[in-house]
Amino acid sequence: MCGIIGYIGDKKAAPILMDALKRLEYRGYDSAGISTINKNNILVEKDIGKLEEIKEKREKEKNINFEKIEGNVGISHCRWATHGSVTKENAHPHTDCKNMISIVHNGIIENFSALKEKLIQKGHKFKSSTDTEVIAHLIEDNYNGDIEEATRKALKQIEGSYALGIICSKEPNKLIAARNESPLILGLGDKENFIASDVHAILKYTNKVVYLENNEIATLEKNNYSVKNVNGKIINKKINEINWSPELAEKSGYEHFMLKEIHEQPRAITETLNNRIENGNINLKEELDLNDEELKKINRIIIVACGTSWHAALAGEFMLEELAKIPVEVEYGSEFRYRNPIINENTLIIAISQSGETADTLAAIREAKKRNAKVLSIVNVKGSSIDRESDSVLYTYAGPEIGVASTKAFTAQLVVLYLFTLFMGNLKKSLKKEKITDLIEKLRKLPLQMESLLSEENDIKKIADIYKDKTNSLFLGRGVNFPIALEGALKLKEVSYLHAEGYPAAEMKHGPIALIDKNMPVVFIATKDDYTYKKVLGNIHEVKARNGIVIAIATEGDEEVGKLADYVVYIPKTLYILSSILTAIPLQLLAYYVAVDRNLDPDKPRNLSKSVVVE
Ligand code: AGP
């Protein structure tokens, strides 16, 4: 959703605030703003558009640059609109009537209408139609010389979710932060402190962070900080050291983060496998906070997730049922809590999330825990809410994923699901030792195979050209590659704004076949297997017979598909179950190049946000 940065220290705040904000822009990019305190005055600059657009516009108009604002304390914000349309007035920061308090906010204030009405009756004048501005006026209303106390009093009246950064012209040596349901961390530096929505935004400045919990308020000064609950009771917080390198959050010469992250997949998979294979077996024991007895008893798994992570869950269902022989159901995070899921002591809930902050998945976890289920999460961001609220966590070591369209986190999720499958297969004796050895051997080859697949990038670039004048596309796959077809369609929709649908290939004849004509590119995942390969070839014939354009993802050396399809991308030979980890890559590249051909920015697709922290 929105991104927040705050700074207090010896240095000029604005360049730091804007530099760090750039790294958060994937959270929201319809408008941005900054506020500092200079000579006991609150300064605010804000505008609509992406940061680069705002910068260019202001340079042209010889207007003040955000970076040039004076002051050693400040807050900045990039917005993904919820309440109030995209206008300069609705952009953050928001101030009170006296221009004494300035705030940035991520979240939704549910009772803002009632609060606003009361404040208007008291004489407060509003400048925007956001829910956020209410907080600035509410703090003003409670201000009695102590900004921390006024914030506490204001927050007691607020219902909803928030991550807040607050500065007050009367107390220029303080930066206030508060959190409820929306992520916020404190970064601790040398004679300077920070607040941020995401850790990687400030890694360049410090790797020491404190995670704020719900209903906590922090007061940061240049040389110290304190965290209290809403009643003013001091809370001792743990300082965490983050080992992600700051370079991982930069583009490193790639035109877009999406492309860089697609290319990082061999490394992401290697790191995700590190220390998890031992003596020809999968060792997750030290990481799982569930003992062997608890794990052996599991006779049903429900996987909850959203979007791309939900597609990983579908592939995970296939792996766990096929190899570990455990029945699995897959649920959308958003639907799970509004049903009456049947859970007993032998049911394991697996939650999958890159960000670890997705509100729908988090709500599903809380529902599952209410029903006494054990929750194991597969998460990329350490210290995130899902990480902290789960009973046990298996990390994907994909590194920070900045591109809004998830790529490397997805394949890393598939690998963790595969590792867990083999681990459970061994534990429950549904997989023989020799079989596990073979499954691991093929797994180990994946990073190198990914590298060779990525070197075919130019072929995919050429295929992307055919989408220039197209408006629709179908993605078809079967078995473990059906979720990849769904993911391919989602990637194309997200970054190129083309309409795309994913289906099990055999379902085409039950309806979607009516769409096929010479303008319809159909992407087939037609890798060689003992199960459905022949049937998929039949489906390709059906599309060709109706003049559709066939793009096939096939196994290297497969001449049959080569002859049938208009375009082919070959993936290296691997086990059927692992093929999904490879077939995902050409589809990510296809979506990327179609977006670039259409002059779109794949890192910041319209209307989307990297972590969706509202339900
Ligand atoms: C992926 O490309 C999407 N941007 C989106 O579907 C995402 O996967 C979804 O919002 C879930 O996010 P999470 O993995 O961080 O929970």
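Modeller: Let's start with a cut-off: a residue is near a molecule if one of its heavy atoms lies within 4 Å of it. This is a predicted model, where local features need pLDDT of at least 70 and side-chain atom pairs count only at pLDDT 80 or more, while totals for chains, interfaces and linings use all residues. Numbering runs from 1 along each chain as its sequence is written, and side-chain values use heavy atoms, with hydrogens and water left out.

Biologist: Fine, so which residues are closest to the ligand, and how many surround it?

Modeller: The shell has 13 residues, and the closest are Ser309, Ser353, Ser355, Thr358 and Glu494. By class they divide into 3 nonpolar, 8 polar and 2 charged. Here Ala, Val, Leu, Ile, Met, Phe, Trp, Tyr, Cys and Pro count as nonpolar, Asp, Glu, Lys and Arg as charged, and the others, Gly among them, as polar.

Biologist: What makes the pair between Glu494 and the ligand a polar contact?

Modeller: A polar contact is a pair of N or O atoms within 3.5 Å; within protein, one must be able to donate a hydrogen and the other to accept it, and residues adjacent in sequence count only if both atoms are side-chain atoms. A polar side-chain atom of Glu494 lies 2.7 Å from an oxygen atom of the ligand, so the pair qualifies. Lys491 also has a polar side-chain atom 3.0 Å from a ligand oxygen, and a backbone N or O atom of Gln354 lies 2.7 Å from one. As for burial, the ligand taken alone exposes 410 Å², and the protein buries 91% of that; the areas come from the Shrake-Rupley method with a 1.4 Å probe, and for residues only the protein chains shown count as cover.

Biologist: Which helices supply at least two residues of that shell?

Modeller: Helix 9 (307-324) and helix 16 (482-496). Helix 9 gives the most, with 3 residues. Helices (H or I, at least four residues) and strands (E, at least two) are DSSP runs, numbered from the N terminus.

Biologist: Why is the space taken by the ligand called a pocket?

Modeller: On a 1 Å grid over the protein atoms alone, a cavity is a set of points where a 1.4 Å probe fits but cannot get out, while a pocket is an open set with protein on both sides within 12 Å along at least five of seven lines; lining residues have an atom within 4 Å of a point. A molecule sits in one if more than half of its atoms lie within 2 Å of its grid points. The ligand's space is the largest pocket, so by definition it is an open set.

Biologist: What is the volume of the largest pocket, and what lines it?

Modeller: About 570 Å³; grid points are joined across faces, edges and corners, and a volume is the space filled by probe spheres set on the points. Its lining has 31 residues, with Cys306, Gly307, Thr308, Lys610 and Val612 nearest its centre. Helix 9 brings the largest share, 5 residues. The classes are 12 nonpolar, 15 polar and 4 charged.

Biologist: How many cavities turn up, and what lines the largest?

Modeller: There are 6 cavities of 30 Å³ or more. The largest holds about 120 Å³ of space and has 15 lining residues, with Ile185, Ser197, Tyr211, Glu357 and Ser384 nearest its centre.
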